[in-house]
Amino acid sequence: MARHIPASQFLAAAVIAVVGLHGNYAAIGQENSVRVVTGLRATSQSLGWIGTEAGIFKSRGLEVKFPEMETAGPEAAAGLVRGDWDFAEVGAAPIIQGVLDGHDTVILLAALQPRREGFVVVRRGITEPRQLDGGRFGVLTEAGQTGLRARALLRGWGINATLVPLGTFPKMYAALGAGEIDAATFGDEYRLAGQRKFGFNALSVEDVAFLPPVLATTRKLINSKRGLVTSVVQGYVESIHLFKTNRAVAVPLLERYLSIFDRKTTEDIYELFSPQFQKLPLPSPTGIQNLLNEFASKYPAARTLPHKAVTDALFLEELERSGFLDRLYGGGK
């Protein structure tokens, strides 16, 4: 018996087939302007910018603009809801909280592999968590994912510290270097650079496996411009491929994007992150559930909320079924 294919899946597959591996989105007669923001300036949220600078999105007929950079997570999510921009590379927490608040936000992909082993970057002289009791803990915002993670860690350690919202990773990095805060939740690049420049320590932690940064949009945009969303997701997957396979192009672009590290440090950051990017960037079900559990004290329905309420993985699933990854990576996944 022939399996019934839902119309939405058939449409997505058809668009992929029409656009093809090196297709041009404008050629199928759709609007091609795309507005993207980033929550912070970090390697984990660099793909849209790198892909744009490398010409990946332009080759698909997409005109990508960045109306704002480093908005921090809550504002990035709020701007999606307001319609100020179309896509956001951002921590997953404000996107999931947006759904719990009844707003139109949805996760499309999560570029990095989830991991349970984590770290907290601390100033020189601190070697164990109890030394942070009563200290100052730098976060981007109290409401975003860095604030959520910091509170979870402090709760697990059984200590108290004042959360200090600083808005951007470079500001957190400078504050920790100046001794104005005692700890911060950074990405790997700031840990690596800070250990070299300032003698920062990194406390290894059994981390709460939250979802890594995501690409998010709205269901309104998916419903009204499905072909556009398909092409953007495909462009992000191609940007991951570029990052993983073309060091000569990726490193100088990453250096420009991060803007505060020298070439040698950027090369080391590249080597650290390249294997972490997923060829097929599906969001982790465990990471989604852990974030929902973290919100459950405020939103009781979070514990049983279906993952499909916060994600739309159909675009990635259709790319995989179409053979796109095999063509992109030459037959291997």
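**Sheet order and helix crossings in a predicted model**

A54 touches L242 and L253, leaving aside residues up to four places away in sequence. The model is predicted. A54 sits in the loop that links α2 (47-53) to α3 (56-59). Its relative accessible area is 34%. A54 therefore counts as partly exposed, since that class lies between the limits of 20% and 50%. A54 is also brought towards a distant part of the sequence. S239 is 185 residues away along the chain, yet the C-alpha to C-alpha distance between A54 and S239 is 8.5 Å.

The strands are considered next. An open sheet contains 5 strands in the order β2-β1-β3-β10-β4. Its pairing is mixed. The edge positions belong to β2 (63-65) and β4, each of which pairs on one side only. From one strand to the next, the twist averages 25°. Strands of a sheet pair through backbone hydrogen bonds, in either the parallel or the antiparallel sense.

Starting from the β2 edge, β1 (residues 33-38) and β2 run parallel and are joined by 3 bridges. In this pair, V34 stands opposite V64 of β2. β1 also runs parallel to β3, again through 3 bridges. Here V36 faces F87 in β3. The sense then changes. β3 pairs with β10 in the antiparallel sense, over 3 bridges. V90 has V214 of β10 as its bridge partner. β10 (residues 214-217) is in turn antiparallel to β4, with 4 bridges between them. V214 recurs in this pairing, where it stands opposite A110.

Burial was examined for two of these strands. In a regular strand, side chains alternate between the two faces of the sheet. In β3, F87 and E89 lie on one side, and A88 and V90 lie on the other. All four are buried, so both faces of β3 are covered, with burial meaning a relative accessible area under 20%. β4 (residues 106-110) is mostly covered too: 5 of its 5 residues are buried. β4 is nevertheless an edge strand. Helix α5 (residues 92-100) lies across β3 (87-90), β4 and β10. The helix runs at about 155° to β4.

Two helix pairs were then compared by axis and contact. The axes of α8 (residues 188-197) and α12 (residues 263-273) come within 10 Å and cross at roughly 140°. That angle makes α8 oblique to α12. The crossing is right-handed. On the α8 side, the contact comprises D188, E189, R191, L192, A193 and R196. These residues meet K264, T265, D268, I269, L272 and F273 of α12. By class, the contact divides into 5 nonpolar, 1 polar and 6 charged residues.

The second pair is formed by α10 (residues 226-245) and α14 (residues 314-321). Their axes come within 10 Å and cross at roughly 65°. α10 is therefore roughly perpendicular to α14. α10 passes α14 in a right-handed crossing. R226, V229, T230, V233, Q234 and V237 form the α10 side of the contact. Their counterparts in α14 are L314, F315, L316 and L319. The residues of this contact divide into 7 nonpolar, 2 polar and 1 charged.

How values were computed:
Residues are numbered from 1 along each chain as its sequence is written. This is a predicted model: local features need pLDDT of at least 70, side-chain atom pairs count only at pLDDT 80 or more; totals for chains, interfaces and linings use all residues. Side-chain values use heavy atoms; hydrogens and water are left out. Buried means under 20% relative accessible area, exposed over 50%, partly exposed in between (1.4 Å probe, protein chains only). Two strands pair if DSSP finds at least two bridges between them. Axes are lines fitted to C-alpha atoms, for helices over the stretch in contact, and angles run from 0 to 180 degrees between N-to-C directions. Contact means heavy atoms within 4.5 Å. Angles under 35 degrees count as roughly parallel, over 145 as roughly antiparallel, 65 to 115 as roughly perpendicular and the rest as oblique. A crossing is left-handed if the near helix is turned anticlockwise from the far one by less than a right angle, and right-handed if clockwise. Ala, Val, Leu, Ile, Met, Phe, Trp, Tyr, Cys and Pro count as nonpolar, Asp, Glu, Lys and Arg as charged, and the others, Gly among them, as polar.
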